[in-house]
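Me: Walk me through one pocket of this model, please, along with what goes on around it. Keep it connected, and follow the charged side chains where you can.

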Amino acid sequence: AGKKIAIIGASSFVGQGLFEYFGRLHDGDTVGTFHSHSYPRLELLDVTQEDQIKGFIQRHHPDVIIYAAAEADAERAEQNPEIAINLNVTAPELIKKYFSGQMIYISTDYVFDGKEPPYKVDSQTHPLDKYGETKRDGETVVLAGEKNLVVRLGVIFGHRGSSARNFLRQIVE
């Protein structure tokens, strides 16, 4: 309560749910961003542009940033690793450069190889692909901050508009 929350990537599948939840909970003290998928009440932000990140943080002065932006498609990350690195690793580095509050990084179970579940907080990571590697590297960046957190999600599915990409939709397609 009383904290201003910024959700970077609030137009993503997970980000939309977070933005709606915190928007109701904090009534006006939640700001969100979009880049490629416009969404009502969100601000355009390109997280690969340092000046835009700096400006966003200076305008809003958030107490907490939830980083839900990412290259979350494992196939695209393999095809274009530079984009995955920019979104999953470099952008959190840039945010930390201008932000001293608490950062929560939305990650994935792709940081593991799938050989020894269930995983614990201190389980050793061993990604098998570029997507998992970039998310692990992003986690490392964020966790270098003492009060920061990582939330690792498994399979995400549901319905959020016709453009939402998720595991269930990929199977159906």
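**A close look**

Reply: Arg 152 is a handy place to start: its relative accessible area is 29%, so it counts as partly exposed (under 20% is buried, over 50% exposed, with a 1.4 Å probe and protein chains only). Bear in mind that this is a predicted model, where local features need pLDDT of at least 70 and side-chain atom pairs pLDDT 80 or more, while totals for chains, interfaces and linings use all residues. Numbering starts from 1 along each chain, and side-chain values use heavy atoms, with no hydrogens or water.

Arg 152 helps line the second largest pocket, together with Val 121, Asp 122, Ser 123, Leu 143, Leu 149 and Val 150. (A pocket here is an open set of 1 Å grid points where a 1.4 Å probe fits, with protein on both sides within 12 Å along at least five of seven lines; lining means an atom within 4 Å of a point.) Strand β6, residues 149-153, gives the largest share of that lining, with three residues.

Now follow the charge on Arg 152. Its side chain meets Glu 139 in a salt bridge, 2.6 Å from N to O (the cut-off is 4 Å, from a Lys or Arg side-chain nitrogen to an Asp or Glu carboxyl oxygen). That pair ties together distant parts of the chain, with Glu 139 in helix α5, Arg 152 in strand β6, and their positions 13 residues apart (DSSP runs: helices H or I of at least four residues, strands E of at least two). Glu 139 is buried, at 3% relative accessible area, whereas its partner Arg 152 is partly exposed.

Helix α5 has another salt bridge, from Lys 130 to Glu 133, with the closest N and O atoms 3.3 Å apart. Lys 130 and Glu 133 sit three residues apart, about one turn of the helix. Lys 130 is partly exposed at 25% relative accessibility, and Glu 133 is partly exposed at 27%.

Step back to Asp 129 and you're in the loop between β5 (102-108) and α5 (130-143). Asp 129 is buried but has no salt bridge, and the nearest side chain of opposite charge, on Lys 130, is 9.3 Å away (Lys and Arg count as positive, Asp and Glu as negative). A polar atom of the Asp 129 side chain does lie 2.8 Å from the backbone nitrogen of Gly 132.

That loop between β5 and α5 also holds Pro 118, which is joined to Pro 117 by a cis peptide bond, omega about -5°.

Methods:
A polar contact is a pair of N or O atoms within 3.5 Å; within protein, one must be able to donate a hydrogen and the other to accept it, and residues adjacent in sequence count only if both atoms are side-chain atoms.
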